[in-house]
Every structure is written in C-alpha cells, then in structure tokens.
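This briefing is meant to be read alongside the model, and it moves from a pocket to a helix and then to a single loop residue.

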Amino acid sequence: GDAQMIFSVNELIETKEVPMYYEVGFVDSPPWTTTQPFDYQKLIEIIQKTPECIGILNAMTIDICSDGYLFEGHKVRIDRVERFLKQNRFKNEFRAVIFDWLMLGNGALWKGKISSEKFKEATDKIQAITGVEFKETDFKNYLPDEDIYQTKLLKHAPWSTMNIDLTSDRTSISGFRQVLGVEKEIRFQPEEIIHGKFMDFNGKVYGFSPIQASVNVLTTLSLIKDLNGNFFQNGGVPDWMFILPKEMAGSENVKRLEQSLRKYKAARHKHGNLVFTGEVTPIEMNKFNKDMEFRQLAIYYTGILALAFNMPLSRVASILGAEVKVGAADSDLSEAGYWRSISSAQDYWEDLLNTQLFEPEFNVSLKFNRGYKNDEIKEAQRDAQMMTVLDMLMQRKAITPEYIKLKMHIPDKYFTGNYEVPENVGSPFGKENGSPGAVPEETKKGDAAQENAKRKKKQAEEASER
C-alpha cells in the first residue's frame with residue numbers, strides 16, 4: 001500500500017507542469033548555429049581595449065582563487081583527489097573558468113569521463129564485430145582499482161565558443177555545443193560540463209554578467225583613449241595655418257617658409273626661433289587642453305564598472321584619481337560588502353564543484369580558504385575567548401569534541417577527536433566590573449588571607465541564620 005502510494009505521488013510529480021526557461025526560438029538548433037544571447041566574441045574585443053575592465057576582472061579572479069583550497073574527508077581519498085587535480089593543473093583551469101564567469105556571466109569546466117551511453121555504444125560495437133557479449137562487470141574485472149565512469153580529465157571550456165541546447169519542453173538542458181567557426185562542432189552531454197552562472201536573469205538558461213550591461217561604458221572608455229591617442233598622432237589635423245596675404249602660391253617667400261617649418265617640425269629643432277621677412281598671419285588649429293577634457297568622464301565610467309561588481313573605491317583609487325575621497329567608515333563598510341560578495345562567489349562554486357564532482361566521485365568536500373577573514377589580531381582574540389567558553393562547556397559535559405571541531409573550523413585531517421579540559425578554567429570575561437580576561441581579585445591573595453576571608457564569611461552566614 002505504501003509503495004503504491006509513493007509510486008502514485010512520483011507519477012503525479014512527473015505529470016505536473018514544470019517551470020520553463022524563458023527562451024524563444026531555441027529548440028532543436030541546427031548544426032553550426034548559435035544559441036548565444038549575446039555576441040560574446042565582440043564583447044571580448046571591446047574588453048581587450050579597456051584595461052580598466054581587465055584590471056577589475058583580474059582583481060576579482062585573484063580574490064576568489066588566490067587563497068587556495070583544502071579538502072575534508074578521509075586522508076587516503078584527499079591524497080588521491082589532490083594528485084588528480086595536480087595532474088590536471090586545476091588551479092590554472094579553474095582560474096580561467098572564473099575569469100569567464102565574471103566577464104561573460106558563464107563559466108564551464110569540462111569533465112573528461114566515459115558516460116554510460118558511450119560505454120554502451122562501445123560494448124555494442126565490440127559485440128557486433130566479435131559476436132562476444134561484454135558487460136560492465138567484465139571491464140571492472142580488468143580494472144579492479146579503477147572506476148570506469150570516474151572523471152579522468154578536467155579542462156576549461158572557453159565560454160565564447162559554447163552554446164546551450166534545451167529539451168523540447170524548455171525545462172532542462174539537453175546538451176552543450178562548442179562551435180569553432182565552420183571548422184568543427186563538438187557536442188557534450190549535460191553531465192560532462194560543470195556550468196556556473198554569475199547571475200540568473202529573467203528566467204534565461206544563460207547566465208548574465210554586469211559587463212553585458214556595461215557595453216556602452218566599455219565602448220566609451222575605449223573611444224576616449226582612441227580619441228586622445230589620435231590627438232597625439234595629430235589625427236590628420238594641422239597644428240597651425242599660416243596665411244601670406246601678399247604672396248602668390250609657389251613664390252620664393254612661400255617656399256622659404258615651408259622649408260623652415262619642415263626643419264622646425266623635427267624634434268631636435270623644436271622650441272627654437274623662426275625669423276621671416278614678410279607679412280604672415282598664423283592661426284592655431286589644434287590646441288591641446290592640458291587638463292585632458294574627457295578625464296572626468298573616464299573616471300566616472302570606471303567607477304560605474306567598479307560599482308557593478310560591488311568593488312570598493314579603495315581598490316580602484318589609483319585609476320579614479322586623487323579627487324575621489326572616501327571616509328574611513330564608508331571604506332570599511334564597502335570593503336565588508338565586497339568581501340561578502342567574494343565569499344558568496346566561493347560558496348557558489350564550492351557547492352557546484354562538490355555536488356557535481358568531488359562528493360559523488362571522490363567522497364571528499366572542497367573548501368576555499370578565506371584569507372580575507374584572517375585579521376590575525378582579531379582572529380586570535382576571538383579564538384582565545386571561544387576556546388575558554390568551549391573549555392567551560394566541556395568541563396560541564398554540555399558538548400562533545402565534535403562541537404569544538406565545528407566551532408573552531410578544524411579540518412578532518414587535523415582533528416584527532418581527543419580533548420582534555422585544562423584545570424582552573426576561568427571566565428573569559430573576568431569579574432563583573434573587570435576587563436575581559438582579568439584575573440579575579442581573590443586569586444591575588446595569599447593562602448592565609450583567603451582562609452581569613454572564608455572564616456569571616458562563614459561567621460556572617462551563621463549570624464544571619466541566628
């Protein structure tokens with residue numbers, strides 16, 4: 001009866017209407033066509049001309065990846081997964097994935113493995129050729145120490161070349177395609193690609209990045225630098241125009257003036273004096289503004305890019321210029337908000353990598369190190385006070401050693417499970433009017449003084465009882 005009820009509930013769930021991706025004209029995409037919502041390659045070409053944007057993306061990539069990671073689990077399994085990642089240069093591949101994830105809103109990590117479908121195709125071919133039936137158990141007998149379905153390779157898949165295909169009902173991903181011009185198209189099963197989305201936006205299957213919303217900002221920054229670069233190359237505009245009202249074209253005076261100007265155009269002759277007889281009217285045509293007229297606009301637009309990624313002004317102050325002043329309190333607040341967003345990004349990728357790779361295939365969990373949280377003085381004070389509280393709780397048998405491991409964030413590989421409570425555990429907060437960690441006054445007294453105090457206290461109690 002219970003089994004029948006469960007089966008009926010599962011059938012009911014399968015027949016329910018599942019929310020669909022908000023995509024149009026997406027299903028059954030013909031080969032060599034793209035489903036990308038944005039021309040990623042053109043966006044990258046714009047970014048390549050905008051060092052401010054590259055600087056922001058690179059800084060965030062470093063903040064997410066640079067502190068490294070560790071694994072929680074059995075030591076033998078940890079050693080195995082660390083060898084696997086070292087062989088696949090995981091740090092470099094993952095850094096490239098994160099850069100794509102920030103820049104294009106999507107990041108892809110390919111898992112090189114044998115899927116159950118590919119395994120069946122291979123065994124069917126062998127059976128058709130040899131007439132011998134092969135089963136999965138036969139292969140496992142030849143490879144007793146290997147999981148034939150386990151990931152053997154990890155590689156970054158450049159997102160500018162990737163396309164997503166949906167199922168006919170638009171409720172899930174049917175596969176990924178890598179399209180490289182008209183040369184080659186590679187298809188991947190959904191389980192072969194770990195796909196990260198920077199931001200879920202408007203029910204789209206593709207992720208969204210603030211960079212896509214900043215295309216006009218990037219284009220303008222690029223044009224500002226192009227304009228000023230062309231200015232210094234003269235841009236085909238002459239600096240001065242010389243009018244000789246009383247001379248004919250090709251006269252001796254005109255030729256002499258052209259020859260003198262050509263001479264003084266050379267760098268080694270600049271800032272000299274020109275002597276000329278005759279009437280000449282000079283008109284300046286290409287006056288350069290020493291204050292660089294687009295500077296304020298460039299600073300403003302760079303600030304927009306930083307704001308889009310929640311990056312504090314202190315991180316981009318060298319670009320924004322000395323005019324940008326930020327108070328200490330405002331700086332601390334924006335710094336805290338930025339590092340929360342970095343922590344959130346690390347949480348997202350921890351969950352993605354653990355659920356799709358490390359936990360199901362290696363039985364370990366990846367944890368990113370959070371170096372920005374290690375303010376050494378504050379951390380040491382917090383740990384010292386926390387340990388005293390934990391000692392008191394252990395002394396009263398209110399907690400287990402596992403709770404101490406949890407609160408102190410001790411990795412499995414370093415935790416022995418043994419814990420001895422030290423003697424004379426004191427309060428981390430001192431007496432009622434004392435400072436944190438202060439020594440109680442009675443411990444400063446000698447033995448005789450303490451005995452005398454106890455005797456007086458007992459006499460007072462007996463007197464009150466009478």
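What volume does the largest pocket have? In this predicted model, the largest pocket has a volume of about 680 Å³, and its lining is described below, followed by the sidedness of helix H2 and the surroundings of Tyr21.

**The largest pocket**
- The lining comprises 20 residues, among which Lys367, Phe368, Arg370, Met408 and His409 lie nearest the centre of the pocket.
- Two or more lining residues come from each of strand E1 (69-72), strand E10 (365-368), helix H14 (376-395) and helix H15 (401-407), and H14 gives the most, with 3 residues.
- By residue class, the lining of this pocket divides into 10 charged, 6 nonpolar and 4 polar residues.

**Helix H2**
- Within helix H2, which spans residues 40-48, the buried residues are Tyr40, Leu43, Ile44 and Ile47.
- Because these buried residues cover an arc of only 100° around the axis, they are placed on the same side of H2.
- Lys42 and Gln48, by contrast, are exposed on the other side of H2.

**Tyr21 and its surroundings**
- Tyr21 sits in the loop between helix H1 (2-15) and H2, and Tyr21 counts as partly exposed because its relative accessible area is 26%, a value that falls between the cut-offs of under 20% for buried and over 50% for exposed.
- Although Tyr21 and Leu166 are 145 residues apart in sequence, their C-alpha atoms are 8.8 Å apart in space.
- When neighbours within four places in sequence are left aside, Tyr21 is in contact with Leu166, Arg170, Thr171 and Ser172, and also with Gly203, Lys204 and Val205.

Definitions and conventions. Residues numbered from 1 in each chain as written. Predicted model: local features only at pLDDT ≥ 70, side-chain atom pairs only at ≥ 80, totals over all residues. Heavy atoms only, no water. 1 Å grid on protein atoms, 1.4 Å probe; cavity = no way out; pocket = protein on both sides within 12 Å on 5 of 7 lines; lining within 4 Å. Points joined across faces, edges and corners; volume = space filled by probe spheres on them. Helix = DSSP H or I, 4+ residues; strand = E, 2+ residues; numbered from the N terminus. Nonpolar A, V, L, I, M, F, W, Y, C, P; charged D, E, K, R; others polar. Buried < 20%, exposed > 50% of the residue type's maximum accessible area, 1.4 Å probe, protein only. Arc of directions from axis to C-beta. Contact = heavy atoms within 4.5 Å.
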